[in-house]
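Student: Please take a close look at a single part of this structure. Then explain what that part rests on.

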Amino acid sequence: MGHTCSAALLKCMDFRLTGDTCRWLEEKGLVNDCDIISVAGAAKDLVENPEGYVFSLIKLSVELHHVTRLIIMHHLDCGAYGGSAAFESLAEEREMHRKEIQRAREIIRGNFPAVVVESYFLSPEGKRWTIETM
Ligand SMILES: [Zn+2]
């Protein structure tokens, strides 16, 4: 039996995201085909420590499970970044996350050129989170 999977998901550990993230993985056919790296702030540690712990987990996923796709999910009101209260506006908050994801993308591209990076942004809508590409 092969010991590979197609993707790794780098997401925030925030419990509020779990249900909608799992539903999304199901919709995409990625349940049991995706390593899940769940840490505070998703790409935050990777950006701050480009050779740190989160990087080592992605490296393991690529080398051990041969993933060719990294999915990064950031979200609104992320406590690791001080929550929405730390920003003047939603636009400013989104822009900061967009830049963080861009830096993470560059780190991945520089180390694993064969890995395709996809990124998504989650926003609360009622009791659910909408997941859109970013
Ligand atoms: Zn978060």
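Tutor: Helices (H or I, at least four residues) and strands (E, at least two) are DSSP runs, numbered from the N terminus. The model is predicted: local features need pLDDT of at least 70 and side-chain atom pairs count only at pLDDT 80 or more, while totals for chains, interfaces and linings use all residues. Residues are numbered from 1 along each chain as its sequence is written.

The part chosen here is helix α3, residues 53-65. Its 13 residues reach 17 Å from the first C-alpha to the last, close to the 18 Å expected at 1.5 Å a residue (1.5 Å times one less than the number of residues). After α3 comes His66, with a positive phi near 55°.

Val54, Ile58 and Ser61 of α3 are buried (20 or more other C-beta atoms within 10 Å of the residue's own; exposed means 12 or fewer). Seen down the axis of α3, the buried residues fall within an arc of 55°, so they line one face of the helix. The face turned away from that buried side carries the exposed residues Tyr53, Ser56, Glu63 and Leu64.

What does the buried side of α3 pack against? The buried residues of α3 pack against β1, β2, α2 and β3. The helix as a whole lies across β1, β2 and β3, running at about 175° to β2 (axes are lines fitted to C-alpha atoms, and angles run from 0 to 180 degrees between N-to-C directions).

Those three strands belong to an open sheet of five, in the order β2-β1-β3-β4-β5, with mixed pairing (a pair needs at least two bridges found by DSSP). β2 (34-39) and β5 (128-133) stand at the edges, each with a single partner strand, so one side of each has no neighbour in the sheet. The twist averages 25° from one strand to the next. β1 (residues 7-12) and β2 run parallel and are joined by six bridges; in one of them, Ala8 has Asp35 of β2 as its partner.

The largest nonpolar core has 27 residues (buried Ala, Val, Leu, Ile, Met, Phe, Trp, Tyr and Cys residues joined through C-beta atoms within 7 Å). Helix α3 is among the elements that give two or more residues to this core, as are α2 (44-48) and β3, while β1 gives the most, with five residues. Residues with the most contacts inside the core include Ala8, Leu10 and Ile72. Beyond its neighbours within four places in sequence, Leu10 is in contact with residues including Ile37, Ala43, Leu70 and Ile72.

Terms used
Two residues are in contact if their C-beta atoms, placed from the backbone, lie within 7 Å. The arc is that of the directions from the helix axis to the C-beta atoms.
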